[in-house]
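Work through the following exercises with the model open beside the text, and try each task before reading its solution.

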Amino acid sequence: MLYSCLLFALTCWQPVSSNVPLRELAADRLRIGAAVEPAHLEEPEYAATLAREFNQVEPENAMKFVRVHPGPVTYNFGPADSLVAFAQSHRMAVRGHTLVWHQQLPSWLTGGRYSFVELSSILADHIYTVVKHFAGQVYAWDVVNEAFNDDGSLRSTLWSDAPGIGREGAGYIEQALRWAHAADPNALLFYNDFGAEPVNAKSDAIYRMARDFLSRGVPLDGIGLQMHLRGEPLPLDKIDENLTRLEGLGLQVQITELDVGLPVDAAGKAAPPDIARQAEIYADVVALCLKHPRCTAIQTWGFTDKYSWIPSWFPGNGSALEFDAQYQPKRAYEAMEKALRSSFHK
Ligand code: G3I
């Protein structure tokens, strides 16, 4: 008897799952999102898992400048359009990512030696064209991404001061928000960054900028907190404090790029204590978001370890997401499920 139980446990154990998808558990309270590469939608298990579990998608790369605006007068919306069509046929909202960033810029732009007047006109055209193209389909945009350094100073980029679009300080961020709002007055406009989850120098700078923008009627609806995490302890109190002060301004907060990278072996497997710690972190992030009424989405950066960005950027690390490379739910998934269930479905 003992032997057969043990054998069953070893051979037949599957992650405990209620079979109620995350998107249903979250009901109308918040969106459960994932970053997506449109090309993977042709893989049946990828598409089925995405459609079953999530009610929000964001292109991981397909709306970035280099992809949608590959030549000075050339726009390519094909891959992003296919993601929007997939989302619509599965009742999913689409977040747009990202209009103004210092990475993934085409060489015609970075090597163009443009003056600030020319750059301003290029960026205005980019924002108008892209936002208008997706108007009514993309409900929220990461208008500007990663504009601050860790010490709270503004990052020097093509758009800010090298040579910039001719606006002082955070003026280029304000201008981008105003252009995006003019292109689609119904879209929610976000500023998005990493490492600004807890109260720290970077989140202080973002908070001050947001407070200033709102006091002057600049169209800003929310702050995206990326949450690219490792297995280290989360400063939950400090993150809670940051969410509280952002909500105090009337802003939404969205968790936009959650993943928890772990050290892995050659087969991509993480150690059991790390997997347990990772599950706790996923549970803590979901619980924290649920505690804040204006935290309106939790989105992971991908959803299957098969296509996570982590192993190629941080060799020796991986296993960062809630589904493994065979689309099986991991303990991180169970933790999300449990946190959602304990909040809404006691
Ligand atoms: O598609 C090309 C392929 O044709 C080519 O053969 C290959 C050769 O390197 O590159 C492929 O493009 C890569 C692309 O990912 C798709 O895989 C780019 O080189 C690579 O730079 C790009 O990395 C992306 C990165 O942003 C760019 O900085 C990651 O996938 C993406 O996950 C990552 O996402 C960012 C968010 O936008 C902002 N927050 C941080 C987050 C993680 O870095």
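## Exercise 1: a covered strand and its neighbours

Determine how far strand β9 is covered, and find which strands pair with β9.

Solution. In this predicted model, strand β9, which spans residues 295–300, is mostly covered, since six of its six residues are buried. Turning to its partners, strand β1 (residues 31–36) pairs with β9 in the parallel sense over four bridges, and strand β8 (residues 252–263) likewise pairs with β9 in the parallel sense, over four bridges. At the level of single residues, Thr300 in β9 stands opposite Ala34, and Thr300 is also the bridge partner of Leu258. Finally, the path from β8 through helix α11 (residues 272–291) to β9 makes a β-α-β unit that is right-handed.

## Exercise 2: the disulfide

Locate the disulfide, give its handedness, and decide whether Cys289 and Cys295 are buried or exposed.

Solution. The structure holds one disulfide, and it is formed by Cys289 and Cys295, with their sulfur atoms 2.0 Å apart. The torsion about the S-S bond is -105°, and the link of Cys289 and Cys295 is left-handed. For the accessibility step, the cut-off for buried is under 20% relative accessible area. Cys289 has a relative accessible area of 1% and is therefore buried, and Cys295, with 0%, is therefore buried as well.

## Exercise 3: the largest pocket

Describe the volume and the lining of the largest pocket.

Solution. The largest pocket contains about 580 Å³ of space. Its lining consists of 28 residues, of which Phe194, Gln226, His228, Glu257 and Trp309 are the closest to the centre. Strand β7 (residues 228–230) supplies the largest share of this lining, namely three residues. Sorted by class, the lining has eleven nonpolar, nine polar and eight charged residues.

## Exercise 4: unusual backbone angles

Find the cis peptide bonds at Thr98 and Pro163, and examine the positive phi values of Gln104 and Arg113.

Solution. Most residues other than glycine have a negative phi, and most peptide bonds are trans, so exceptions deserve a look. The bond from His97 to Thr98 is cis, with omega near -5°, and Thr98 has its place in strand β3 (residues 93–100). Another cis bond joins Ala162 and Pro163, with omega about 10°; Pro163 is in the loop between β4 and α8. As for phi, Gln104, in the loop between β3 and α6, has a positive value near 50° and is partly exposed at 27% relative accessibility. Arg113, in the loop between α6 and α7, has a positive phi of about 50° and counts as exposed at 82%.

How values were computed
Residues are numbered from 1 along each chain as its sequence is written. This is a predicted model: local features need pLDDT of at least 70, side-chain atom pairs count only at pLDDT 80 or more; totals for chains, interfaces and linings use all residues. Side-chain values use heavy atoms; hydrogens and water are left out. Buried means under 20% relative accessible area, exposed over 50%, partly exposed in between (1.4 Å probe, protein chains only). Helices (H or I, at least four residues) and strands (E, at least two) are DSSP runs, numbered from the N terminus. Two strands pair if DSSP finds at least two bridges between them. A crossover is right-handed if, with the strands pointing away from the viewer, the path from the first strand over the helix to the second runs clockwise. On a 1 Å grid over the protein atoms alone, a cavity is a set of points where a 1.4 Å probe fits but cannot get out, and a pocket is an open set with protein on both sides within 12 Å along at least five of seven lines; lining residues have an atom within 4 Å of a point. Grid points are joined across faces, edges and corners, and a volume is the space filled by probe spheres set on the points. Ala, Val, Leu, Ile, Met, Phe, Trp, Tyr, Cys and Pro count as nonpolar, Asp, Glu, Lys and Arg as charged, and the others, Gly among them, as polar. A disulfide is a pair of cysteine sulfur atoms within 2.5 Å.
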